[in-house]
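Trainee: I have a structure open and don't know where to start. Can you walk me through it?
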Amino acid sequence: MNEPKKKFYVTTPIYYVNDVPHIGHAYTTIAADVVSRYKRLDGYEVFFLTGTDEHGQKVHQAAQQNGVDPQTHVDKLHQRFKDLWVRLNISNSDFIRTTEARHTQVVQEILQSLFDKKEIYKDSYEGWYCTPDERFWTEKDVVNGNCPECGRPVEKIKEYNYFFKMGQYGEWLARHVRENESFIQPVSRRNEVLGFLDKPLGDLCISRPKERLPWGVSLPFDDDYVAYVWFDALINYISVHGQPGQVRDCGFWPCDHHLVGKDILTTHAVYWSCMLKAMDLPPPKNIFAHGWWTVNGQKMSKSLFNVVEPNLLADQFGVDVIRYFLLREVPFGLDGDFSHKALIGRNNSDLANNLGNLLNRTLNMVEKYQEGKILEPSASAPEDQALADKASETVQAVAALYDQLAYNKILAKIWELVDQCNQYINNMGPWNLAKSEEGQTRLTRVLYNSCEALRVIAVLIYPFMPESAEKINQQLGADFTIEEQGLRSIREWGFLPAGLQTRPGPQLFPRIEEEEEKKIMEQANAPSAPAQAEDENKTEPVAEQIEFDDFTKVDLRTGKILEAEKIKKSKKLIKLKVDIGCETRQVVAGIAAGYEPEQLVGRTVILVANLKPAKLMGVESQGMILAGSEGDKIILAGFDHELNPGVRVK
Ligand code: ME8
């Protein structure tokens, strides 16, 4: 009888559908995909969950800004995530949406049962509320009447809400974190959580009045409220398996890894663990908080026009190169900086020069000396054994590194084997062996070993680069897939059957030559255009109404352009000096597609004068110039008569 398969459960955060997916989202999802694929190769039954977080203030606001009802908004936008995961070859087992009935029903059942168990109570709450961030602050947090996080004004609100008795679990949780070293990783993040738990843990407000936020899961015991978005969202990790009773029996709980960005560690380590405790479910085995990607040293943000779009990268470099780069470049757990230059560097050195070269030279020699056939190898010599030993050591080291999700070390380890195999070929010199009859016998072993090492490498890189790994396997002439071979096929040297006819194909990882690199860098340095209406033929619906007072907060001034020059390496940006009467401002404007610098000097424009300064391509911009656009065409707003600089525009 077959033994039941061991089970493995990994999750990503469920992403908000208020925005388009970027490399940050792709990063977590690829990391989860890699460990899933590895565990499948190792014979596990894997459940890999991702999905979208579709309730809450952020999503509600995004829908309002797009002028559609929230359900229409999420039905449309969640698809971008699904499509991207198909494009990036993500092998998720399920995709959960928090607006699905299978999820909302479980959320309501849990709420009701916690309410019945008196884990939830109603109380009044007074505090400073930041509407855009959907967050209360205490008196001491608020900075001059503004939100300490986003700087926007807060308002004092007193309201009745429902609270989860989270505080009672503080001591239990601190003990659990202390006693289970691998519960929170990496260690630095674990220490942060312990620091957080040093202070007494408060109860958690888990409701929002519908009059303030109508978009969410209704509380089953009070229809005037919806659940707080985090209370709703975290439950996705179990609702996908049913109610808590079913979760207990499904074989996948406790979850092996929740992969999250460092931004959402507290909600997972603290809120979620306490919620599970209240439900009598064990906490997850591991929560791994990875670092944050910046782009050329800056935070990724739509307003800085520097969001790295994974679809575009996939078009330029191919899916596997991106998957490889993101996990090779930065240790999982630390922050990293994305740059096209580094990506091209990795492509050319690790992929084209090292691995690509090993594959090409090996297949070329099999073609040249053995008519493309992998022959029965002659007896092994000691120098052959060294390669086989290295392969076996690599397989073992990689297994141990997966336990720590040390993706970059895993890849570094695999590349040691690539290097050793390249070295082995150099040392054995097949081109010399081919010259004599005795040498030719020896050659069968050297070429067999090179092919076998390539097969081991293909199995090991498969979780990271599934498509390329299968191609290597096919080029070696294998008529079994890597998934069919599994890890057991690389635990012992010599699984590759002799007699295979190789099938050399196009280069797997072409080098990016200088000319092309230049083009890519130019494109990358031109920031993407400001977000435009989705469909160019449609005008955007009018945004939410505002009070007159809101409008008067925007200080619009006339300004005369004194100087204008293009920003180096950018196709879109022009740096301006603008006289606004009381002072001269430096402004960076994305108008180079419509204007040459010379056309701009002397022109009167309208400037938002009280906008917080921001850096664009490293240059500070102290204001924003008003312009309209049609497709790529940009047209500056202006007047039909000249006005002096500094006149207030109303
Ligand atoms: O927080 N670098 O959703 P979210 C690395 N819905 N990773 C990044 C990143 C960056 N610059 N930007 C985003 C939410 N991420 C909640 C989660 S879970 C029950 C609810 C990744 O759309 C990273 O995984 O804001 C981060 O934790 C996640 O996207 C946040 O996605």
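Mentor: Start with aspartate 263: an N or O atom in its side chain is 2.9 Å from an oxygen atom of the ligand. That is a polar contact, a pair of N or O atoms within 3.5 Å.

Trainee: How much of the ligand's accessible area does the protein cover?
Mentor: The protein covers 94% of the 680 Å² that the ligand has accessible on its own; such areas come from the Shrake-Rupley method with a 1.4 Å probe.

Trainee: Before I go on, what sort of model is this?
Mentor: The model is predicted; local features need pLDDT of at least 70, side-chain atom pairs count only at pLDDT 80 or more, and totals for chains, interfaces and linings use all residues. Residues are numbered from 1 along each chain as its sequence is written, and side-chain values use heavy atoms, with hydrogens and water left out.

Trainee: Back to the ligand. What does the backbone of glycine 261 do there?
Mentor: A polar backbone atom of glycine 261 lies 2.9 Å from an oxygen atom of the ligand. For glycine 24, a backbone N or O atom is 3.4 Å from a ligand nitrogen atom.

Trainee: Which residues come nearest to the ligand?
Mentor: Ile14, Thr28, Asp53, Gly261 and Trp293, out of 23 around the ligand. A residue counts as near if one of its heavy atoms lies within 4 Å.

Trainee: And which element gives the largest share of that shell?
Mentor: E1, with four residues. Strands are DSSP runs of E, at least two residues, and helices are runs of H or I, at least four, numbered from the N terminus.

How values were computed:
Polar contact = N/O pair within 3.5 Å; in protein donor to acceptor, adjacent residues only side chain to side chain.
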